[in-house]
Amino acid sequence: MAFQGLSAEPEKVASLGTIVGKFIVGSMVKAPLSVYENGVYVLPMDNVLANKGTGVVTSVPSDSPDDYATLTDLQKKPDYYGIDPAWVEGFVPVPLISTPAYGDLIAKTLCEKFKVKSQKDRVQLAQAKEEAYKEGFYHGTMIIGKYKGKSVEEAKPLIRNDLIESDEAVAYSEPEGLVMSRSGDECVVSLCDQWYMTYGEPEWRQQVLDHLAKMNTYNEETRHQFERTLGWLNQWACARTYGLGSKVPFDEKFLI
């Protein structure tokens, strides 16, 4: 976050204090866009005695198989998880999205389909999660809130913008997995100056396609590979600050 302009001092993390996760379990917090106006409980996803955790996230047991499995575990074994049974007793997920294939409680339906018994069934949960997110995003319709009736695909960017404009959210990026540099350093996403080649510019792309049509590629598959790449290639980062290359004419500290 510090490398994306979200800290008080750029590229420096300011620690405001230290807290042990188990001490906030059972606290009531406000969740953005929640129907629970008085707040929701902070609950653990693992045995609270393990003291694990990196933050508090909103739980969506109606549409997230992971969250639904966690809720059922908490309801079955509150003592094991170190919580008051009253915090989860009788709780029923609020439907948010309706899908043609799985109705309006997609997480419950898929957990039953893949025979998920608890949050420890990681393989089945991974299958259920992939199916839930794909079905929900591409075929789901919002059935609650400001964008009721809109497709999830339409509503998602609108809700994102609403949360950012109301100062309840910030835009944040992270890699899909661990990224290591050639020097052995762990990489983060950083907001910095970067020049791009606009390979998707229509006139430029057409010139390339015209040249390709005249080329002898010796193999039709090679020609198809070129055509496929030209079909999706849009902007491509081209600048570095050191090494071999040509200086960017209008910004000579960068190289192509």
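## Surface patches, cysteines and unusual backbone angles

On the surface of this predicted model, a patch of positive charge is formed where Lys76, Lys77, Lys115, Lys117 and Lys120 gather. Two of these lysines can be placed more exactly. Lysine 117 sits in the loop that runs between helix H3 (106–113) and helix H4 (122–139), and because its relative accessible area is 60%, lysine 117 counts as exposed. Lysine 115 also has its place in the loop between H3 and H4, and with a relative accessible area of 59% lysine 115 is likewise exposed.

Lysine 115 deserves a second look for its backbone, since its phi is near 55°, a positive value in a residue other than glycine. Most residues other than glycine have a negative phi. Glutamate 11 is another such case, with a positive phi of about 65° although it is not a glycine. This glutamate 11 belongs to the segment before strand E1 (28–29), and its relative accessible area of 52% makes glutamate 11 an exposed residue.

A nonpolar patch is also found on the surface, where Tyr199, Trp204, Val208, Trp232 and Trp236 together make an area of about 540 Å². Among these residues, tryptophan 204 lies in helix H6, which covers residues 202–214. Its relative accessibility of 37% is the reason that tryptophan 204 is counted as partly exposed, a class that lies between the limits of 20% for buried and 50% for exposed.

The following table gathers the accessibility of individual residues discussed in this report.

| Residue | Relative accessible area | Class |
|---|---|---|
| Lysine 117 | 60% | exposed |
| Lysine 115 | 59% | exposed |
| Glutamate 11 | 52% | exposed |
| Tryptophan 204 | 37% | partly exposed |
| Cysteine 187 | 30% | partly exposed |
| Cysteine 111 | 4% | buried |

The cysteines remain to be considered. A disulfide is a covalent bond between the sulfur atoms of two cysteines. When the whole structure is searched, zero disulfides are found. For cysteine 187 the reason lies in distance, because the closest cysteine sulfur, that of cysteine 192, is 12 Å from its own sulfur and therefore too far for a bond, the cut-off for a disulfide being 2.5 Å between the sulfur atoms. Cysteine 187 is partly exposed, with a relative accessible area of 30%, whereas cysteine 111, at 4% relative accessibility, counts as buried.

Note on methods: Residues numbered from 1 in each chain as written. Predicted model: local features only at pLDDT ≥ 70, side-chain atom pairs only at ≥ 80, totals over all residues. Heavy atoms only, no water. Patch = residues over 30% accessible without salt bridge, like charges linked within 9 Å, V, L, I, M, F, W, Y side chains within 5 Å. Areas by Shrake-Rupley, 256 points an atom, 1.4 Å probe, with all protein chains shown as cover. Salt bridge = Lys/Arg side-chain N within 4 Å of Asp/Glu carboxyl O. Helix = DSSP H or I, 4+ residues; strand = E, 2+ residues; numbered from the N terminus. Buried < 20%, exposed > 50% of the residue type's maximum accessible area, 1.4 Å probe, protein only. Lys, Arg positive; Asp, Glu negative; His and termini not counted. Charge placed at Lys NZ, Arg CZ, Asp CG, Glu CD.
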